[in-house]
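Me: Could you walk me through this protein with some questions and answers? I'd like to follow the reasoning at each step.

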Amino acid sequence: MESEKPQNPSPMEPQEEGSNKISKKEAAKLERQRRRQEAAAAAAATAVSTVSIEESDPLSGNYGDVELNDLQSKAVTGRKWTEVGSVTPEMKDQVVLIRGRVQTIRPVGKKIAFVVVRERGFTVQCVLTVKPELVSSQMVKYATSLSKESIVDVEGVVTIPEKPITGATQQQVEVQISKLYGVNRAVPTLPINIEDAARSEVEIEQALEKGEQLVRVNQDTRLNFRILDMRTPANQGIFRIQCQVENIFRQFLLSEGFVGIHTPKLIGGSSEGGSAVFRLDYKGQPACLAQSPQLHKQMAICGDFGRVFEVGPVFRAEDSFTHRHLCEFTGLDVEMEIKEHYSEVMDVVDRLFVAMFDSLNEKCKKELEAIGRQYPFEPLKYLRKTLRLTFAEGIQMLKEAGVEVDPLGDLNTESERKLGQLVTDKYGTEFYILHKYPQAVRPFYTMPCHDNPSYSNSFDVFIRGEEIISGAQRVHVPEFLEKRAGECGIDVKTISTYIDSFRYGAPPHGGFGVGLERVVMLFCALNNIRKTSLFPRDPQRLAP
């Protein structure tokens with residue numbers, strides 16, 4: 001897994017997304033789109049101008065584009081703002097002031113317009129109706145001139161519609177607009193529409209069955225225009241859940257006596273072994289980006305911190321064109337003293353992730369529902385006490401199912417998935433720990449088993465048949481570390497400060513590492529890790 005052992009997937013494992021390089025055909029399409037945008041922008045400017053130069057409107061103060069001068073932190077007015085997601089039937093007849101994006105505009109003649117306003121994934125329908133001394137026909141015309149995704153301020157009275165508003169998340173309310181101001185206009189033609197980006201595969205397939213064709217926004221297009229893609233309800237949910245995963249990780253460990261640390265990402269040698277590192281010149285010295293905080297978090301234990309954790313970037317240079325690997329991800333790392341047995345580390349994993357899953361299910365219901373609408377999934381199955389199997393027991397289960405695996409080798413992706421299914425069927429859980437891995441497939445700093453050096457005091461953790469965590473007891477004896485590093489092809493000189501830190505008295509210790517993006521991907525049963533990385537970095541993507 002991320003922080004414990006180098007990734008070693010088959011470079012031929014199919015990747016669901018293609019390159020982000022733009023072909024000549026796509027470049028020509030974008031150029032045509034740019035010209036259309038310019039023409040539309042000019043037309044919109046003319047329309048706005050027409051609105052402003054028509055016969056003078058005594059109600060003109062109730063609408064219009066906000067001047068730049070008024071947006072330069074000109075004054076503090078003390079006005080009270082209401083979030084769209086907080087507009088509820090209990091606020092009936094109250095005046096609210098909301099700021100959001102124009103999701104849709106639907107004029108009905110010249111005297112009525114429906115404007116759906118969105119803020120952070122929540123939407124509310126706002127109604128503009130011509131009324132004497134309140135709303136003019138020019139104001140309705142101004143509203144229809146606004147482009148989708150423009151940011152607006154809306155003031156109005158909350159009312160209860162006769163029927164639920166199916167096109168908004170706040171279905172039991174409407175806002176009767178009395179004031180409407182354009183804070184910032186989006187270009188008239190967007191490279192991708194939010195409605196298209198928010199559409200589920202189920203909707204697309206159902207439309208095809210009816211002979212209709214809906215737009216499908218592919219992964220690369222989403223990532224090329226990530227700013228727009230982020231605005232979908234599902235993505236709002238994904239990254240809010242990601243924030244909660246990090247918060248729970250941090251708060252739980254703090255409550256268990258762990259200390260948060262920050263380790264360097266520029267190091268003089270490989271932290272995991274192997275050649276898959278990003279190398280660079282550091283003031284005339286060879287250096288690389290850290291593959292994990294492994295070495296330094298162990299050094300922190302030797303510095304008597306007892307229990308430490310870190311949340312930080314991790315860099316891997318493998319050409320891994322798969323659905324679950326990135327060249328840069330956020331690592332959640334833990335290291336701790338061991339009193340007697342490496343099961344103490346697994347105990348922390350057990351309590352931490354059960355607490356995490358419980359909290360997400362309890363506190364993130366709206367976010368999970370938003371994700372499920374676009375990417376339907378079943379809630380994760382897990383036990384109150386996490387199942388633990390030895391590697392040998394896992395191999396035996398596979399063997400009984402007709403899958404032959406080297407008892408001293410590693411599990412490939414197919415074997416992991418098969419074992420995950422077997423475990424779910426037998427034990428009713430999609431979250432389990434597999435421990436006592438063969439020594440040959442673990443990093444040089446992993447402690448061998450006391451009774452069989454062919455195996456190690458190590459473990460992996462799986463969710464829905466995919467590895468998510470790797471952990472182990474570490475070798476804390478310097479002479480043994482030097483021997484193991486040499487056997488793994490690591491130049492001992494490049495990690496001399498690491499090995500030397502164990503010469504001054506080092507307690508037995510162990511830890512684990514997990515990728516934040518992978519936790520969210522598998523908890524929500526998403527099919528690609530790029531969905532859970534805000535701006536993913538893979539072998540073919542360095543922008544945006």
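Reply: Happy to! One definition before we start: two strands pair if DSSP finds at least two bridges between them. Please also keep in mind that this is a predicted model.

Me: Good to know. In β3, which residue is the bridge partner of Arg-106?

Reply: Strand β2 covers residues 95–108, and seven bridges join it to β3 in an antiparallel arrangement. Arg-106 belongs to that β2 stretch. Its bridge partner in β3 is Phe-114.

Me: And which residue in the turn between β2 and β3 has a positive phi?

Reply: β2 and β3 make a hairpin, with three residues between the strands. The phi in question is about 70 degrees, and the turn residue that has it is Gly-109.

Me: How many bridges join β3 to β4?

Reply: β4 spans residues 122–129 and runs antiparallel to β3. One of the pairs matches Glu-119 with Phe-122 in β4. The hairpin of these strands has two residues between them, and Arg-120 takes a positive phi near 55 degrees there. As for the bridges that join β3 to β4, the number is eight.

Me: Is β3 mostly covered or mostly open, and how many of its residues are buried?

Reply: A residue counts as buried when its relative accessible area is under 20%. Strand β3, residues 112–119, is mostly covered by that test. Of its eight residues, the number buried is seven.

Me: Let's turn to helix α8. Why is it described as largely enclosed?

Reply: The helix runs over residues 294–302, which makes nine residues. Its buried residues include Leu-295, Ile-301 and Cys-302, and also Lys-297 and Gln-298. Among the elements that cover them are β11 (307–315), β12 (328–337), α14 (496–500) and β17 (509–515). Helix α8 is largely enclosed by the rest of the structure because the buried residues number seven of the nine.

Me: Which residue with a positive phi follows α8?

Reply: The phi there is near 70 degrees. The residue that follows the helix with this value is Asp-304.

Me: Which helix gives the largest share of the largest nonpolar core?

Reply: That core has 54 residues, and Phe-353, Phe-459 and Phe-512 have the most contacts inside it. The largest share comes to 10 residues, from the helix at residues 343–363, which is α9.

Me: How many residues does the second, separate core have?

Reply: Val-115, Val-135, Tyr-142 and Ala-143 are included in this second core. Val-115 also falls within the range of strand β3, residues 112–119. The size of the second core is 26 residues.

Me: Now the open sheet: which strands stand at its edges?

Reply: Three strands form the sheet in the order β8-β10-β9, with antiparallel pairing. β8 and β10 (residues 285–289) pair over two bridges, and in β10 the partner of Ile-267 is Cys-288. Each edge strand has a single partner, so one side of each is left without a neighbour in the sheet; these strands are β8 (266–267) and β9 (279–282).

Me: Last one, from the surface. Is Ile-227 buried or exposed, and what is its relative accessible area?

Reply: Ile-227 lies in helix α6, residues 226–229. Together with Leu-534 and Phe-535, Ile-227 makes a nonpolar surface patch of about 260 Å². Exposed means over 50% relative accessible area. Ile-227 is exposed, and its value is 51%.

Definitions and conventions. Residues numbered from 1 in each chain as written. Predicted model: local features only at pLDDT ≥ 70, side-chain atom pairs only at ≥ 80, totals over all residues. Heavy atoms only, no water. Patch = residues over 30% accessible without salt bridge, like charges linked within 9 Å, V, L, I, M, F, W, Y side chains within 5 Å. Areas by Shrake-Rupley, 256 points an atom, 1.4 Å probe, with all protein chains shown as cover. Salt bridge = Lys/Arg side-chain N within 4 Å of Asp/Glu carboxyl O. Helix = DSSP H or I, 4+ residues; strand = E, 2+ residues; numbered from the N terminus. Buried < 20%, exposed > 50% of the residue type's maximum accessible area, 1.4 Å probe, protein only. Core = buried A, V, L, I, M, F, W, Y, C linked by side-chain atoms within 4.5 Å. Contact = heavy atoms within 4.5 Å.
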